[in-house]
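Hi everyone, thanks for coming. Please have the viewer open, and I will walk you through what is on the screen.

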2 protein chains.
Amino acid sequence: MSEKASQGISESANRRPEPRILLAHGSGGELSRELIRDVFARAFDNPLLNAMGDSAVLGELPPGRVALTTDSYVVQPLFFPGGDIGELAVCGTVNDLAVMGARPMYLTAGFILEEGLPVDDLKRIVASMATTARSAGVLIVTGDTKVVDRGAADGIFINTAGVGVIPPGIDLGPHRLQPGDAILVNGTIGDHGLAVMMQREGLTFGSALESDTAPLNGLIETLLAALPDRVHWMRDATRGGVATVLNEWVEAADVGIALTEAQIPVREEVRAACEFLGLDPLYAANEGKVIVAVEGASVEAALAVLQAHPLGRDAAAIGHVTEAHRGRVTLETPYGARRILQMLTGAQLPRIC
Amino acid sequence: MSEKASQGISESANRRPEPRILLAHGSGGELSRELIRDVFARAFDNPLLNAMGDSAVLGELPPGRVALTTDSYVVQPLFFPGGDIGELAVCGTVNDLAVMGARPMYLTAGFILEEGLPVDDLKRIVASMATTARSAGVLIVTGDTKVVDRGAADGIFINTAGVGVIPPGIDLGPHRLQPGDAILVNGTIGDHGLAVMMQREGLTFGSALESDTAPLNGLIETLLAALPDRVHWMRDATRGGVATVLNEWVEAADVGIALTEAQIPVREEVRAACEFLGLDPLYAANEGKVIVAVEGASVEAALAVLQAHPLGRDAAAIGHVTEAHRGRVTLETPYGARRILQMLTGAQLPRIC
């Protein structure tokens, strides 16, 4: 192997040690400012952030109700097939706004860094956040960085909070769910949970098992524009998966939900990985999947809208709302049996997001 | 000592093991819901939070520009003289809004918990957040909890993001700083940094060395109401202390600032602790101190307003803005010498907030 070719593989080993995060990067002093300038401001670059005040001053908000949300991200590993903690931190918060019918507009970003984190890892994560924010049409306008001593955190934790605006006329929630509503999902389930778990366990299943991490606001906006009054409720099926979201729905709305297993889209690789690890895709995390309740008569129209969008190609109607078993989610198996999908009780997949 | 009296001291040792945070508390399933219901919702109790949506839907905002901020809190120890991480997490974010001239209104709360954290510690911290939020007049409207495995975090990290509104007519910032402006502080400096450091080192200095953690929005609102156009800029002097804030000011506004050491209020205990630990109170963190630039002619009026408020009793004018040494903060010592206060370069006090 020529010297040049070998450099491509072991480049870092032949050069000075890679820069790492120091406690002083969190001191508020010179190194903090350097980090802000060279990493965060460079990647997120926008006038509201660049003002560098103690708070960002937002532009005028459009008419409607303001929605506010927050999530912390502690996923392990930081980089996984189909995404990384940075992309996740933007998508998760964008999606929490979008499912409320809000147009996501502004994000905050709070970083907790472990002393010793390679600066290049941070840069890669921040670049991923910036790219994702751009594609979702949101601005990261203010942030914060803390550094903790080695061993007091695990690489990096990210918190994002988000502000969005729910346009007048949008009314989603448990009060809108009614018997006969169809339950849709915009694609295959369990992809994120299983991609992360397999990576964590050091397993591969040959073909591409990738996280579905994606910002759903474009898809949801299209759906709401097409069927403004027919969509009754939405939720992204993250931690705890589809089964957990639907259990929360039946409790909040005092209805039953009946799913048909054969209708639920699950990738072959995910099914195989689930069997291998003893997991159920219905409880596995998704980061680009929304559960939608639409008026029963609009199910075909809603499916057509979803399937026409790149993030909804595999959309399917997976069940319906019923009065038959209030407070319960049931699953009809391919053999015609029906079982109850309980609320998740253990910690199926820790640190999945 | 009677059996009853001794129970007061060693109560926990004689009973079943105290409940601790489990990984399953972060799963999104049954235990997550229990934690939300029994700990967070109970303490923060308000209709916006209780709706338990993916995002909180805020009430109508008053006229003005919307301000958005975020901070993560990683202070160690979690409980220190004069405060705890929960109180800090509310005050820090409230203050970041208040110094922009905003009325703080809504907060988010993101928790990263280490497996094994005593549930009672969490409850105590959450109760402290609730009390502080009430006293600051803000609502904690949405939150998130993640649990990481033992050793992957250090007890608890908290992120708060905050939304506030800057009323029309308020205009603060570097562009308002002008030569002749007086620099005020609302009381003694370094209290927080030194209280935390002494506790961390297991040292006591006899008398009460306490953190100054406090929500400053009431004080600031009073000042802005009294002298709406005379206040030019404000900043809370947290990480990096007064010297760091003022170094950022001289850089942003292209002016000089001259401080008079004898005018700067420092508690005797803080001075002693600083000498013992080799620290400078000008670089030590504060969590209830605001630096205010006011028009020179209004210095007495501003001081009177501050000193009439419980959080401003020790307010003092500590220096002024000057054209004499642009880009520099200088300190005139009691002996008449003048030295330059550099930007903080090392990590003087890690994990101070």
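Let me start with a question: does A:Arg267 count as buried, partly exposed or exposed, and at what relative accessibility? With 34% relative accessibility, A:Arg267 counts as partly exposed. Before going further, please keep in mind that this is a predicted model.

So what does A:Arg267 do with its side chain? The side chain of A:Arg267 meets that of A:Asp191 in a salt bridge, 2.8 Å from N to O. A:Arg267 sits in the loop between β10 (256-260) and α9 of chain A, while A:Asp191 belongs to helix α6 of chain A, so this pair ties together parts that are 76 residues apart in sequence. Unlike its partly exposed partner, A:Asp191 counts as buried, at 1% relative accessibility.

That brings us to helix α6 of chain A, residues 191-200. This helix is mostly covered, with eight of its ten residues buried. Among the buried ones are A:Asp191, A:Leu194, A:Val196 and A:Met198. And what do the buried residues of α6(A) pack against? They pack against β3 (79-80), α4 (85-98) and α9 (268-277) of chain A. After the helix comes A:Gly202, which has a positive phi, near 70°.

Here is a second salt bridge in chain A. A:Glu295 pairs with A:Arg230, and their closest N and O atoms are 3.4 Å apart. This pair also links distant parts of the chain: A:Glu295 is in the loop between β11 (290-294) and α10 (299-307), and A:Arg230 is in the loop between α7 (217-226) and β9 (231-236), 65 residues apart. A:Glu295 is partly exposed, at 24% relative accessible area, and A:Arg230 is partly exposed too, at 37%.

One more stop inside chain A, please: A:His325, in the loop between β12 (316-322) and β13 (329-332). A:His325 counts as buried, at 13% relative accessibility. Its side chain makes a polar contact of 3.3 Å with the side chain of A:Thr330. Leaving aside neighbours within four places in sequence, the residues in contact with A:His325 include A:Val255, A:Ile257 and A:Arg338.

Now let's look at both chains together. How many residues of chain B are in contact with chain A? There are 68, and they touch 68 residues of chain A. The area buried between the two chains is about 5300 Å², with carbon and sulfur atoms giving 58% of that. On the chain B side, B:Asp54, B:Leu68 and B:Arg239 supply 15% of the area that chain B buries against chain A, more than any other three residues.

Charged pairs appear here as well: ten salt bridges cross the interface. One of them joins A:Asp144 and B:Arg239, at 2.9 Å from N to O. There is also a network of salt bridges linking A:Asp71, A:Arg239, B:Asp144 and B:Lys146.

Finally, the two chains share a sheet. It is an open sheet of five strands with mixed pairing, in the order β6(A)-β5(A)-β7(A)-β2(A)-β1(B). At the edges stand β6 (139-148) of chain A and β1 of chain B, each with a single partner strand, so one side of each is left without a neighbour in the sheet. Strand β2 (residues 65-73) of chain A runs antiparallel to β1 (residues 56-57) of chain B, and two bridges join them. At that junction, A:Leu68 has B:Ala56 as its bridge partner. Within chain A, nine bridges join β2(A) to β7(A), again antiparallel.

Key:
Residues numbered from 1 in each chain as written. Chains lettered and ligands numbered in written order. Predicted model: local features only at pLDDT ≥ 70, side-chain atom pairs only at ≥ 80, totals over all residues. Heavy atoms only, no water. Contact = heavy atoms within 4.5 Å. Buried area = accessible area lost by both parts, 1.4 Å probe. Salt bridge = Lys/Arg side-chain N within 4 Å of Asp/Glu carboxyl O. Pairing = 2+ DSSP bridges. Helix = DSSP H or I, 4+ residues; strand = E, 2+ residues; numbered from the N terminus. Buried < 20%, exposed > 50% of the residue type's maximum accessible area, 1.4 Å probe, protein only. Polar contact = N/O pair within 3.5 Å; in protein donor to acceptor, adjacent residues only side chain to side chain.
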